[in-house]
Amino acid sequence: MSATQTHATEANPAGAPPPTRGGVIAYLTVDGAMRAAAFYREAFAAEIVAAIPADAQGRTMHVHLYLNGSSLMLSDAFPEHGHPLQAPQSFSLLLPVDAIAPWWDRAVAAGATVVMPYQEMFWGDVYGQLRDPFGVTWAMNQAKGQPNGQAQEQAKG
C-alpha cells in the first residue's frame with residue numbers, strides 16, 4: 001500500500017475513501033494525529049474509518065474519523081510543506097449530545113480537562129467545555145427538553 005492510499009478497515013474493507021458526514025467538517029492539525037484519533041476513540045467513541053500510513057518521522061497526513069454522526073479529519077503538521085503546527089485558537093468544537101453526563105464522564109476519564117463544568121445555562125440547555133490533550137476545546141451541549149437533563153444536574157451537584 002502506498003503512502004497515498006488509505007488503510008482498509010472493518011467499516012471500509014475495500015480501502016475506498018469512506019464518505020464524509022456533515023455539512024462542515026473540522027480538519028484539525030495536531031501533534032500526533034494517530035494518538036489524537038486513539039484519544040477521540042476512547043473519549044468520544046469515535047471510529048477511525050481511514051488513515052494514511054505514517055511517514056518516516058511517524059507523522060500522518062490524514063486520518064478520517066466518524067464521531068457522533070459526523071466526520072472529523074486529523075493531520076500531523078508538515079512544516080517543510082508550509083503546514084506548521086499552531087496552537088488552537090479562537091474556536092471550539094460543539095458536540096451536541098442527548099445526555100451530557102456519560103459523554104462528559106468518558107471524556108474526562110480519557111484525559112480531557114474541564115474548562116467550564118457543565119450546567120444548565122440561561123438559554124435552558126445543559127452546556128460545558130472540556131480541553132483535550134491536544135489543546136482543542138470541546139463544547140458539549142444537551143438541548144433543553146432532552147431526557148434526564150435535570151436528573152443529571154442534581155446528580156452532579
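1. Which residue in strand 8 does Tyr 127 stand opposite? Look across the strand pair and you'll find Asn 141 facing Tyr 127. Keep in mind as you look around that this is a predicted model.

2. Now for the two strands around that spot. Strand 7 covers residues 126-131 and strand 8 covers residues 137-142. They pair in the antiparallel sense, with six bridges between them.

3. Zoom out a bit and you'll see that these strands belong to an open sheet of four strands. Reading across the sheet, the order is 5-8-7-6, and the pairing is mixed. Strand 5 (93-97) and strand 6 (113-120) are the edge strands, each pairing on one side only. From one strand to the next, the twist averages 15 degrees.

4. What lies across the sheet strands? That's helix 2, residues 100-110, which lies across strand 5, strand 6, strand 7 and strand 8. Against strand 7, helix 2 runs at about 10 degrees.

5. Helix 2 also has a helical partner: helix 1, residues 33-44, whose axis comes within 7 Å of the helix 2 axis. The two axes cross at roughly 140 degrees. Angles over 145 degrees would count as roughly antiparallel, so helix 1 and helix 2 are oblique to each other.

6. Finally, check who touches whom. Helix 1 brings Phe 39, Glu 42, Ala 43 and Phe 44 to the contact, and these meet Trp 103, Arg 106, Ala 107 and Ala 110 of helix 2. By type, the residues of this contact split into six nonpolar and two charged, with no polar ones.

Technical notes. Residues are numbered from 1 along each chain as its sequence is written. This is a predicted model: local features need pLDDT of at least 70, side-chain atom pairs count only at pLDDT 80 or more; totals for chains, interfaces and linings use all residues. Side-chain values use heavy atoms; hydrogens and water are left out. Two strands pair if DSSP finds at least two bridges between them. Helices (H or I, at least four residues) and strands (E, at least two) are DSSP runs, numbered from the N terminus. Axes are lines fitted to C-alpha atoms, for helices over the stretch in contact, and angles run from 0 to 180 degrees between N-to-C directions. Contact means heavy atoms within 4.5 Å. Angles under 35 degrees count as roughly parallel, over 145 as roughly antiparallel, 65 to 115 as roughly perpendicular and the rest as oblique. Ala, Val, Leu, Ile, Met, Phe, Trp, Tyr, Cys and Pro count as nonpolar, Asp, Glu, Lys and Arg as charged, and the others, Gly among them, as polar.
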